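This report describes the fold and the interior packing of a single protein chain.

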Amino acid sequence: MAPQISLKAALLVPLAGMAVAAPAPADVGINIVGGTTASSGEFPYIVSLSRSSSHFCGGVLLNANTVVTAGHCSDYSASSVKVRAGSLNWSSGGTQVGVSSITRHPDYYVSNDIPYNDIAVWKLSTSIAETSSTIKYAKLAAQGSDPSAGTTMTVAGWGLTTETGTTLPTALRKVSVPVVSRATCQAEYGSGSVTDAMWCAGVTSGGKDSCSGDSGGPIVDSSGTLTGVVSWGYGCARANYAGVYTRIGKFATWINSLA
């Protein structure tokens, strides 16, 4: 029997049977599992995406007017969502602005609850300037780059801290996880489920992962380069099921064409 997939966004509208990093009901999301609280300035490019004053996904600030996030976080009209940058708290502080347009990748689609080519670019209605430490623009991985198995990556977000949690935490959290080979990840989920537009990370024993509410947020290498955004997985932090991330190296040229 195929595993039940879960999107890693916090559900504003419940998604029946989904386990992807999806958006959650207004008071439900999933945060980093097995991680620690992030420090101010540690992820100066992370942003919180919200609708009706509720966080539902993360995103990454690329320049003064551009955010990259997951395609499955982009179901809403631009006028209905907001972006907050420069704060460890998704609900206050920093700078919050509106959105002028949302563009999903033209090849984005969902099949059997799995989002493919899961990437989108949001343009902001008001520019967000860099600051001395709390707001910085992210550096994209190069087109064609592909994380190597065993490399340590760090993911950050505001999702729940357990798969069954019901209260969205306010403080940004982080966790470091090793890259899992695509072949291993395909063996876990099925070869057709994990494409070369995705890569995976996690520990075999479970206990460390991104989760719902973290979708669209950054996973970075040791230099802080954006190598992926949180996409989907089987539950959160389960043994033998790595978290799945959209591969920035597959989409960097497309992202830059819109940035």
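The paragraphs below treat the overall make-up, the barrel and the nonpolar cores in turn.

The model is predicted. Its chain holds two helices and 17 strands, and 54% of its 259 residues are buried. Among contacts with a separation of 6 or more, 70% link residues 24 or more positions apart. The chain exposes an accessible surface of about 9,600 Å², and carbon and sulfur atoms contribute 49% of this area.

Six strands form a closed barrel in the order β4-β5-β6-β11-β8-β7, paired in antiparallel fashion. On average, neighbouring strands of this sheet are turned by 40° against each other, direction ignored. Within the barrel, β5 and β6 (residues 66-69) run antiparallel and are joined by three bridges; Val60 has Val68 of β6 as its bridge partner. Helix α2 packs on the sheet, where it touches β5, β6, β8 and β11, and its direction makes about 20° with that of β11.

The largest nonpolar core comprises 24 residues, of which Phe43, Val60, Ile119, Ile248 and Ile255 touch the most other members. Elements that each supply at least two residues of this core are listed here.

| Element | Residues |
|---|---|
| β5 | 54-63 |
| β16 | 226-233 |
| α2 | 248-258 |

The greatest contribution to this core comes from α2, with four residues. Another core, of 20 residues, lies apart from the largest one and includes Phe56, Cys57, Trp122 and Ile128.

Beyond residues up to four places away in sequence, Phe43 touches Ala38, Thr154, Ala156, Leu172, Lys174 and Val220.

Notes:
Residues are numbered from 1 along each chain as its sequence is written. This is a predicted model: local features need pLDDT of at least 70, side-chain atom pairs count only at pLDDT 80 or more; totals for chains, interfaces and linings use all residues. Side-chain values use heavy atoms; hydrogens and water are left out. A nonpolar core is a set of buried Ala, Val, Leu, Ile, Met, Phe, Trp, Tyr and Cys residues joined through side-chain atoms within 4.5 Å. Buried means under 20% relative accessible area, exposed over 50%, partly exposed in between (1.4 Å probe, protein chains only). Contact means heavy atoms within 4.5 Å. Accessible areas come from the Shrake-Rupley method with a 1.4 Å probe; for residues, only the protein chains shown count as cover. Two strands pair if DSSP finds at least two bridges between them. Axes are lines fitted to C-alpha atoms, for helices over the stretch in contact, and angles run from 0 to 180 degrees between N-to-C directions.
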